[in-house]
Amino acid sequence: MQSVRAQRLHQNSDQIPSLPLYRSAPALEVRLEDFELFAIDRLRVLKAISDGLSRGKKPNEMENLVNDVWIAHMRHAQASESVNKDIISHFVLRLVYCRTEDLRKWFLSMETALFRYRFMRLNSEDQKAQMAEFNLPYKSVGSAEYEGLKEKLGQVARSINQPLPSADAIFYKVPFEEVPELVACRKVYIHKGYAYVAMNQVVSLVVTQFRSHLSKALILTNRKWTSTIREQEKDRLAPIVEALSTSYLGPDYSQPRESGEIKIKDLDQIAKSSFPLCMRHLFEKLKEDHHLKHGGRMQLGLFLKGVGLKLEDALAFWRAEFSQKVGAERFEKEYAYSIRHNYGKEGKRTDYTPYSCQKIISSTPSVGDHHGCPFRHFSDENLRAALSRMGVGARAMEDVMDKVRNRHYQLACTLTFEAVHSSSCDAGINHPNQYFIDSQKSMQSKS
Ligand code: SF4
């Protein structure tokens, strides 16, 4: 069993910080499979946060969401193991997400949000301990100064629907530029350049510190990664690290659905009702041109396999289309092999897996290709026309286009699903085959 260096971190639960600051990479021994599995679990948490934020969830909903996904993916029966997992997974993902500016930006935002909501769930004693760990140079306001400001602090509390501060309330006096979000929302009393931050608002202070520390750390990690780690670890960690940022975290759709086989005669109808836009587009192009290039054949072919089209039917389906363009003989010679190959009947006999949204979105179709994700690869005009053909109305269309402009392609697809099926899809769309299955379920529940 391979492992990645040194000793376990926390053996004794008395020493466990409930929310680590990830100041420096720990000297740890980690089994190689844990290195990857821990990172995938943390990634599930960060992805859930990303979905929640882009869906516009409110702060209290986000707090509950973060708590639930953290318990589901990161909790261990032993507190010390949870902390080890927390720290290991954070540092593995630092390596994964330090490598480009886009990756750094995403990781920084999601980790900061995660830290914020975890901090908010700490009790006030733990929050104070956390502030002490940050070594913040702020002092709490003394009782004489507090007496002089009591009236004003009470007014601010009233204006934001907070209870009036009690006699022993703690406020911190902080240069106002260090709490920009409190200032912007007028949630804090400012006097002579200082903001008076209540104990229940200190999250803003620590989050700013956390973010700035992590942002610098990511740049340093990137330097180390490019100068040494990538080369030293090229056979062991580098392939894992490089695959993690695009890894798909949902179920495997390589086997046809249990609930049934799909027959060729039904394809036209289910393509209209239940295919996501990427597959609908490929299907229509195939019917129109009687041909698809390699990328399109792979994307659609594997999807159809996952949907439940058996090998014999797949061969008949592709043959019927392609032979109109290239003739039956050429189809058998040049194309039938790769269809059998997709079903694991040729070559290495691997059963190939239908592509996930992440894989499709990150593909780079060239001129004449029809694969890829329309939410990412179509022009604005073509996307609007395609959505309208799917039955997306004017109002939903603007919501979808808004997500596309912000590069939330899977969320745009989720909103499309919701508009077309008039039902919600809380888990979000992560895989074209998931879209298909959810669509069939939604239609069955209404029939
Ligand atoms: S988000 Fe996924 S399912 Fe939707 S169109 Fe893009 S690749 Fe297809």
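Helices are DSSP runs (H or I) of at least four residues, numbered from the N terminus. The model shown in these views is predicted.

**View 1. Ten residues surround the ligand, and two helices each supply at least two of the shell residues.** The helices are α15, residues 357–361, and α16, residues 374–377. Around the ligand lie the cysteines C278, C357, C373 and C413. The prolines P276, P374 and P432 are there too. I360, F375 and I429 complete the list.

**View 2. The ligand sits in the largest cavity.** What is the make-up of the shell around the ligand: nonpolar, polar or charged? Ten of the shell residues are nonpolar. No polar residue takes part, and no charged one.

**View 3. T221 is a buried residue of helix α8.** This helix runs over residues 203–232. Is T221 buried or exposed? The relative accessible area of T221 is 15%. The cut-off for buried is under 20%, so T221 counts as buried. Which residues does T221 contact, leaving aside neighbours within four places in sequence? The partners are R94, L95 and C98.

**View 4. The domain assignment divides the chain into domain 1, domain 2 and domain 3.** Domain 1 comes in two segments, 32–121 and 208–244. Domain 2 spans 133–201. Domain 3 covers 264–446. The C-alpha centres of domain 1 and domain 2 are 32 Å apart. The contact draws on five residues from domain 1 and five residues from domain 2.

Methods:
Residues numbered from 1 in each chain as written. Predicted model: local features only at pLDDT ≥ 70, side-chain atom pairs only at ≥ 80, totals over all residues. Heavy atoms only, no water. Near = heavy atom within 4 Å. 1 Å grid on protein atoms, 1.4 Å probe; cavity = no way out; pocket = protein on both sides within 12 Å on 5 of 7 lines; lining within 4 Å. Sits in = over half its atoms within 2 Å of the grid points. Nonpolar A, V, L, I, M, F, W, Y, C, P; charged D, E, K, R; others polar. Buried < 20%, exposed > 50% of the residue type's maximum accessible area, 1.4 Å probe, protein only. Contact = heavy atoms within 4.5 Å. Domains from an automatic or database assignment.
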